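Me: Got a minute to go through this model with me? I'd like a quick tour of the fold, the packing and any odd spots.

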Amino acid sequence: MILENNKNQTTPTVQNREQILQSLQPLTTVPLDQLSDEQVNALLDRLTALKQQKRAEKEKAAAQTPPPALTPVHIPASEAPIPDNHEPAPGTSVLKKADEAEAALSRVDLSGDTEGSDGAAVILPDPSCFDHLGEEPTSGVDFDPSMSTYTGTDTPAEDERNYAAPKTDSDYDTRPLSSDDMDEETIAIYRTLVRKRRRQRQILITLITVFTVLLLFGAGFGAYLLLYEPTVDDAPPPFWSGELQPDGGSNPNAPDAPVIGGDDDSGIQAPVISDSYERRDNVYNFLVLGVDRAANLSDVIMVVSYDIKKQTVHVLSLPRDTYINVGSSYHKLNAYFSASYNRSASRGAERYRDAIESMTAFIENGLCIRLDRYVCMDTAGFREIIDAIGGVDMEVPFDMHYEDPEQDLYIHLKAGYQHLDGAKAEQFVRYRSGYLEGDIGRISAQRLFLTALVNQVKTKLDLSSAVSIAKTALQYVTTDLTVAEIGYFAKNAFSVDLDSMTFTTLPGGGVINPDTGASYYVMYAENVRKLVNAQFNVYDREISREVFLSNSRKFTSDAPYISSVFLTEINDSGTVTAGDIQSDAPDIPHR
C-alpha cells in the first residue's frame, strides 16, 4: 500500500496506521445549511488558502524534477487488527479493505498545520453532500475517506473501522479536505453555494427586522392615538373680551366711542369687565376654506365645531357675499382672502398661508369664535380628495348647466340619484347661477352634498382607510393640522350620529346698495351671538351682547340700510340636522 503525507512526503509505518485512523474520526458529512457563520467564514478562508497552495505546488512541481516513486508498503493481513467477532464478506479479504483505507488516507492532509485552522486539520463537508443539501445527516452512517460511498453497519461496535455517528451537532467534524481532494471546479461550486446561503440569510434577517420595526411602529402609533389629545391655546381670547390689560389699560380692540351709529348716548359703549375666560375641555373649532386659485377668492367659508365629549358637530356656513367694513373698496367676505394675499410680503406657499391666517384672525375677532385649526383646499385638491374617498352617491335636485370659459368652469349635471366623482362633485358645489336665493341656495346644496359625503364615509370606510385618505388629502390642502391630530379627530368622529350633526347658515338678510346696486348679505348680530354661544363658544362663560357688538363692528357700518339689518333679530335660527337632510332632502328654490 502507498501512504503519503502532503507535508513531509514520508511514509507512515504500519504501527501508526491505527493512530492515523483514530485522528480522522469521526469523519461525518454535515449538510451545508447546518454550518454556523463562523464555520462558513473559516471554510471560505481555507478554500482560498487551498487554491493558493495548489497553485504554488503546481508551480513548484513544474520547476523541479518529479520526485521518485514511493516504495509500496505492504501490510500483511496477519498484522491488521481485526475484531474477534469480525467475519469478512465472502470474496473480500481483510488485506484488501486495509489497502483501500490506506490508499484513501494517502490523499488526506494530516499535517495539522493548516492556515486559519488553529493547528487542527479541518475537514470540509463531502462534495457529494451538494446533492443532499437540506437533508439531515443519517444517524449511524459514517463518511468513507474515499469520498465515494457511505459505509457502516447496524452495529458499529462489530467493526472498529466503522465509527458510530455523532449524537449532537457539536460532534460533527467540519475540517476541510486537502487541496488534492478539492479541484478548482469543486471549490468554485462550494464557494457559490456558501455565498448564496449567506445572501439568503441576510435577506431573511433584513425582512424580519423590517417587519418587526413596522409591527412595533404600528402598535406604538395605535397606542399613541389612544392616549393622544391635541393641544389648544389657553391664552386669552383672540377677540376683545371686556377684560382689563395687565397695566390697567383697556384692550386696544375695544373702541373708545360708540360702535354703531347714532348719538353718543344712544350708541353701544364698550364695557369694562374683569372676569376671565376659561376653555372647556375637548371642544375644538376649525375654519374650513375652499379657494378659487384663479381669482384667490374664498368661495366656501365654514366654521366647524366638534365637541368630543358630547359627540356633536356643528357647521356654520358664512355666505361669500357677507358684508364687511374694512375701510377699503371691497365689502364682501370672500374678497378678504384675495386682499390678504396681495398684502402679504411672502412668496409662494407661505404667501398663501399668510392669507389663510389673516382670514382666520379676521373671523376670530369679528365673530368672537376661537379657531384652533384651519383647513384650506382649492378646486384641484377637492377633486382629488373626493376621488380618494371613492366618489359620492347623492340626489342632484335639478338639472344644472353653466359655462364660464374664463374660469375654465363647465357644469352639466342631470337631475336624479347618481354617483359623483371628483370632477362632477366640483361642478355640483360650484354651481350657483340657477338658485333663486343666490348664495343661500348654493349653501343649501352644499349641505346636501356634505350630508351625503359624511354618510358615505361613515358607512363605507373604516378608520384605517380614513386615516390613509387623510394622508392623501394633506398633499392637496394647506392646514396646521398634524397627521396625529387628523387620526385623533377621525377616530372620534366615526361615532358621531347624523342627528348630532347640524348645519346653520350665518343668520342675516340681503341688502342692496342704493347708490351702486351692489348686493350684500348682512348678518343679524344678536342671532349670531346666540348661535355662537350655543354651538361655537369654547369658553365656560357666555359672550355678552356688549362684547359681541364691540368686536363685530367690522361686519356693519353707519349706513342705515346696513345697520338696520345688522340690529335685526328674528326667531328662526335656520339650523337643520344632517339626519333631517338625509331623510327629507330640502326643496331648494331654483329657476
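**Walking through the model**

Reply: Sure. The protein chain has 15 helices and 15 strands, and keep in mind that this is a predicted model.

Me: How much of the chain is buried?

Reply: Of the 591 residues in the protein chain, 46% are buried.

Me: And what share of the contacts join residues at least 24 apart?

Reply: Taking contacts in the protein chain between residues at least 6 apart in sequence, 72% join residues at least 24 apart.

Me: OK, packing next. Which residues have the most contacts inside the largest nonpolar core?

Reply: Those are Met-394, Met-400, Phe-428, Phe-449 and Phe-489, in a core of 52 residues. Helix α9, residues 439–460, gives the largest share of this core, with five residues. Apart from it there's another core, of 50 residues, including Phe-362, Val-522, Ile-562 and Val-565.

Me: Let's stay on Phe-489 for a second. What is it in contact with, leaving aside neighbours within four places in sequence?

Reply: Phe-489 is in contact with Pro-230, Tyr-284, Phe-286, Tyr-306, Ile-308 and Leu-481.

Me: Back to α9. At what angle do the axes of α8 and α9 cross?

Reply: At roughly 145 degrees, and the axes come within 8 Å. Helix α8 covers residues 422–430. On its side the contact is made by Ala-425, Phe-428, Val-429 and Arg-430, while α9 brings Arg-442, Ala-445, Gln-446, Leu-448 and Phe-449.

Me: How does that contact split by class?

Reply: The contact of α8 with α9 has six nonpolar residues, one polar and two charged. Phe-428 and Phe-449, both part of this contact, are also among the residues with the most contacts inside the largest core.

Me: Switching to empty space. How many cavities of 30 Å³ or more are there?

Reply: The count comes to six. The largest cavity has a volume of about 1600 Å³.

Me: What lines that largest one?

Reply: There are 48 residues in the lining, and Val-288, Val-375, Met-377, Leu-450 and Leu-453 lie nearest the centre of the cavity. Helix α9 turns up again, with the largest share of the lining, eight residues. By class, the lining divides into 37 nonpolar, four polar and seven charged residues.

Me: Now α12. Is that helix mostly covered or mostly open?

Reply: Mostly covered: α12 runs over residues 525–536, and ten of its twelve residues are buried. Polar and charged names are on that list too, among them Glu-526, Asn-527, Arg-529, Asn-533 and Gln-535. The other buried ones are Ala-525, Val-528, Leu-531, Val-532 and Phe-536.

Me: Odd backbone spots next. What's the phi of Asn-282?

Reply: Asn-282 has a positive phi of about 60 degrees although it isn't a glycine. Most residues other than glycine have a negative phi. Asn-282 sits in the loop between α4 (184–227) and β3 (283–292). It counts as buried because its relative accessible area is 16%, under the 20% cut-off.

Me: And what about the phi of Cys-368?

Reply: Cys-368 has a positive phi too, near 55 degrees. The residue is in the loop between α6 (348–367) and β6 (373–378), and it counts as buried at 1% relative accessibility.

Me: Which residue is 182 places away from Cys-368 in sequence, and how far is it in space?

Reply: That's Ser-550, with 9.9 Å between the two C-alpha atoms. Ser-550 is in helix α13, residues 545–551, and is buried, with a relative accessible area of 1%.

Me: There's another serine I had marked, Ser-340. Where is it?

Reply: In helix α5, residues 333–343. Ser-340 counts as buried, at 5% relative accessibility. Not counting residues up to four places away in sequence, Ser-340 touches Ala-355 and Ser-358.

Me: Last one, Gln-311. Why does it count as buried?

Reply: Because its relative accessible area is 17%, and the cut-off for buried is under 20%. Gln-311 is in the loop between β4 (297–307) and β5 (312–317).

Me: What does Gln-311 touch, residues up to four places away not counted?

Reply: Gln-311 touches Tyr-306, Asn-492, Ser-495, Val-496 and Ser-500. Met-501 is 190 residues from Gln-311 in sequence, and their C-alpha atoms are 8.9 Å apart.

Definitions and conventions
Residues are numbered from 1 along each chain as its sequence is written. This is a predicted model: local features need pLDDT of at least 70, side-chain atom pairs count only at pLDDT 80 or more; totals for chains, interfaces and linings use all residues. Side-chain values use heavy atoms; hydrogens and water are left out. A nonpolar core is a set of buried Ala, Val, Leu, Ile, Met, Phe, Trp, Tyr and Cys residues joined through side-chain atoms within 4.5 Å. Buried means under 20% relative accessible area, exposed over 50%, partly exposed in between (1.4 Å probe, protein chains only). Helices (H or I, at least four residues) and strands (E, at least two) are DSSP runs, numbered from the N terminus. Contact means heavy atoms within 4.5 Å. Axes are lines fitted to C-alpha atoms, for helices over the stretch in contact, and angles run from 0 to 180 degrees between N-to-C directions. On a 1 Å grid over the protein atoms alone, a cavity is a set of points where a 1.4 Å probe fits but cannot get out, and a pocket is an open set with protein on both sides within 12 Å along at least five of seven lines; lining residues have an atom within 4 Å of a point. Grid points are joined across faces, edges and corners, and a volume is the space filled by probe spheres set on the points.
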